[in-house]
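Student: I have a structure open and would like to go through it step by step. Could we begin with the chain as a whole?

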Amino acid sequence: MVKLDNNFKIQKITKITPKHYQLFLSADPSRSIVDSYLNRAYKFELVHNDTLLGVLLMIDTHPQTVEIVNIAVDETVQNQGLGEKIIRFALDWAEKGHYQTIEIGTGSTSFAQLYLYQKCGFRVVNIDRNFFVDNYADPIIENKLVLKDMIRLKKAI
Ligand code: ACO
Ligand code: ACO
């Protein structure tokens, strides 16, 4: 694990590189699904001394509602608070943009992600049964389980 100082920033992505894609695909293994939201997404990156360490993609879903559709931190620097910092940035950005609701969805087997999102104030609102069976070509195994259902969470801004 690489230890970090506080010398990082979150900024708009101006050019998508293969490293960005690697991070997008760590959060969402389907390249075609990533491509389906990439063009219309608000795109941000977390960099530390010019090294790309994290990504954040958000899209408009309903009136005054934005969804975090992709968030990822480089695996060498996970569990040091960067994911939480990216989420706090998203909440702040949404508040400044006068959104009323922010949404996020994750796998029912994504225990660490479910912990983090609830720690940041998101509440479970819905379950998309078989979302990962119906929308992904290959089975996804996570935490020794076959991922089938998506948990949807929301937070009022
Ligand atoms: N069960 C419960 N909690 C756990 C577990 C676990 N198995 N593993 C880690 N945690 C906790 C850590 O202790 C930490 O909590 P703490 O700060 O209270 O101690 C927390 O989870 C992680 O918080 P951060 O360090 O802020 O987050 P991190 O920088 O690791 O980023 C992220 C989190 C983005 C989910 C990262 O792990 C990642 O990129 N994962 C791979 C991609 C991914 O799954 N992205 C999300 C998919 S859903 C979507 O994109 C909409
Ligand atoms: N995240 C993910 N997996 C975990 C975690 C964690 N934080 N902690 C433990 N596990 C895994 C273990 O590794 C193990 O999995 P594995 O066998 O694949 O390695 C599994 O969880 C636990 O399985 P068992 O050993 O079979 O279960 P255990 O004998 O520990 O009993 C129980 C589970 C009944 C939930 C026990 O922990 C308990 O009594 N907890 C307190 C009471 C409780 O919460 N009861 C359930 C409330 S809901 C209800 O009653 C309807």
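Student: What percentage of the 157 residues of the chain count as buried?
Tutor: This is a predicted model, and the count uses every residue of the chain. A residue is called buried if 20 or more other C-beta atoms lie within 10 Å of its own. Of the 157 residues, the share that meets this is 24%.

Student: What radius of gyration does the chain have, and what would a compact globule have?
Tutor: The C-alpha atoms fill a box of roughly 40 × 35 × 30 Å along the principal axes. A compact globule with 157 residues would have a radius of gyration near 15 Å. The chain agrees with that, because its own value is 15 Å.

Student: What average pLDDT does the chain have?
Tutor: For the complex, the predictor gives an ipTM of 0.97 and a pTM of 0.96. Within the chain, 99% of the residues score at least 70. The average pLDDT of the chain is 96.

Student: How many helices and strands does the chain have?
Tutor: Read from the N terminus, the order of elements is β-α-α-β-β-β-α-β-α-β-α-β-β-β. Counting the two kinds of element gives 5 helices and 9 strands.

Student: Among contacts between residues at least 6 apart in sequence, what percentage join residues at least 24 apart?
Tutor: A contact here requires C-beta atoms within 7 Å. Of the contacts between residues at least 6 apart, the share joining residues at least 24 apart is 64%.

Student: Which feature does UniProt place at residues 8-152?
Tutor: Over residues 8-152 the chain is 32% helix and 35% strand. The end C-alpha atoms of this stretch are 30 Å apart. The UniProt entry, which is unreviewed, labels the stretch "domain: N-acetyltransferase".

Student: Which element gives the largest share of the shell around ligand 1?
Tutor: There are 23 residues around ligand 1, and A27, Q78, G83, E84 and A112 come nearest. Elements that each supply at least two residues of the shell are α1 (18-27), β4 (65-73), α3 (82-96), β5 (101-107) and α4 (111-119). The largest share, 6 residues, comes from β4.

Student: How many nonpolar, polar and charged residues are in that shell around ligand 1?
Tutor: Glycine is grouped with the polar residues in this scheme. By class, the shell has 12 nonpolar, 10 polar and 1 charged residues.

Student: Is L52 buried, partly exposed or exposed?
Tutor: L52 is found in strand β3, residues 51-60. Leaving aside neighbours within four places in sequence, L52 is in contact with K19, H20, E45 and V47. Within 10 Å it has 16 other C-beta atoms, so L52 is partly exposed.

Student: What distance separates the C-alpha atoms of L52 and F8?
Tutor: L52 and F8 are 44 residues apart along the chain. In space, their C-alpha atoms are separated by 9.6 Å.

Student: Is N79 buried or exposed?
Tutor: N79 is found in the loop between β4 and α3. Its phi is near 65°, a positive value in a residue other than glycine. Inside 10 Å it has 11 C-beta neighbours, so N79 counts as exposed.

Student: What is the phi of N143?
Tutor: N143 is found in the loop between β7 (141-142) and β8 (145-146). It is exposed, because 11 other C-beta atoms lie within 10 Å. Its phi is positive although the residue is not glycine, and the value is near 50°.

How values were computed: Residues numbered from 1 in each chain as written. Chains lettered and ligands numbered in written order. Predicted model: local features only at pLDDT ≥ 70, side-chain atom pairs only at ≥ 80, totals over all residues. pLDDT = per-residue confidence, 0-100. Near = placed C-beta within 6 Å. Helix = DSSP H or I, 4+ residues; strand = E, 2+ residues; numbered from the N terminus. Rg over C-alpha atoms; globule rule 2.2 N^0.38 Å. Buried ≥ 20, exposed ≤ 12 C-beta atoms within 10 Å, placed from the backbone. Contact = placed C-beta atoms within 7 Å. UniProt positions renumbered as here; feature names shortened; annotations may be inferred.
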